[in-house]
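New to this one? Here's a quick tour, one topic at a time.

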Amino acid sequence: MTLQPHEEHPHGITDRDFDVLFTKIGQVIFAHHGFPWLIHRLTYRRTNHDNIHVRGTRRRHDHTPFDMVVRNDLDRFHLAADVIDRLPGLGPRAA
């Protein structure tokens with residue numbers, strides 16, 4: 001509930017503190033252990049919401065935790081590739 005504004009929840013943080021943690025203009029890749037829509041719903045009125053990209057569980061199956069991470073693109077390889085794709089100028093240099 002910390003992601004919510006402090007006016008809406010007692011554990012929420014101020015817009016200023018949110019902007020310090022998640023920046024006003026930069027790209028944010030948020031790896032979440034649950035469904036991505038939850039993080040989007042908690043942050044949709046924040047300054048940089050359009051640049052917050054949440055990676056999380058897209059589907060649930062009876063698999064090992066490692067399988068779930070890989071199947072949902074939450075492993076280090078996919079997260080690093082996401083960073084390379086989103087940072088301006090990094091893609092051509094990283095290739």
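Let's start with a histidine: H63 is partly exposed, because its relative accessible area of 30% falls between the 20% and 50% cut-offs. Keep in mind that you're looking at a predicted model.

**Around H63**
- You'll find H63 in the loop that runs between strand 2 and helix 3 (65-71).
- Setting aside residues up to four places away in sequence, H63 touches M68 and R71.
- H63 and Y44 are 19 residues apart along the chain, and 32 Å separates their C-alpha atoms.

**The nonpolar core**
- The largest nonpolar core has 10 residues in all: L3, I13, F18, F22, V28, F30, I39, L42, I52 and V54.
- Four elements each give two or more residues to this core: helix 1 (15-22), strand 1 (28-31), helix 2 (36-43) and strand 2 (52-55).
- As a general rule, nonpolar side chains in soluble globular proteins tend to be buried together.
- Take F30, one of the core residues: leaving aside neighbours within four places in sequence, F30 is in contact with L3, F22, I39, H53, V54 and R55.

**Another histidine, H53**
- H53 sits in strand 2.
- Is H53 buried or exposed? With 14% relative accessibility, H53 counts as buried, because the cut-off for that is under 20%.
- The H53 side chain makes a polar contact with the side chain of R86, at 3.3 Å.
- Not counting residues up to four places away in sequence, H53 touches Q27, V28, I29, F30 and R86.

**Two residues of helix 2**
- T43 is part of helix 2, and so is L38.
- T43 counts as buried because its relative accessibility, 2%, is under the 20% cut-off.
- Which residues does T43 contact, leaving aside its neighbours within four places in sequence? They are L3, F18, H49 and I52, and of these L3, F18 and I52 belong to the largest nonpolar core.
- L38, on the other hand, is partly exposed, because its relative accessible area of 36% lies between 20% and 50%.

**A nonpolar patch on the surface**
- L38 joins F35 and W37 in a nonpolar patch on the surface.
- Together, F35, W37 and L38 have about 280 Å² of accessible area.

Definitions and conventions. Residues are numbered from 1 along each chain as its sequence is written. This is a predicted model: local features need pLDDT of at least 70, side-chain atom pairs count only at pLDDT 80 or more; totals for chains, interfaces and linings use all residues. Side-chain values use heavy atoms; hydrogens and water are left out. A nonpolar core is a set of buried Ala, Val, Leu, Ile, Met, Phe, Trp, Tyr and Cys residues joined through side-chain atoms within 4.5 Å. Buried means under 20% relative accessible area, exposed over 50%, partly exposed in between (1.4 Å probe, protein chains only). Contact means heavy atoms within 4.5 Å. Patches are made of residues with over 30% relative accessible area and no salt bridge: like charges are joined within 9 Å, nonpolar side chains (Val, Leu, Ile, Met, Phe, Trp, Tyr) within 5 Å. Accessible areas come from the Shrake-Rupley method with a 1.4 Å probe; for residues, only the protein chains shown count as cover. A salt bridge is a side-chain nitrogen of Lys or Arg within 4 Å of a carboxyl oxygen of Asp or Glu. A polar contact is a pair of N or O atoms within 3.5 Å; within protein, one must be able to donate a hydrogen and the other to accept it, and residues adjacent in sequence count only if both atoms are side-chain atoms.
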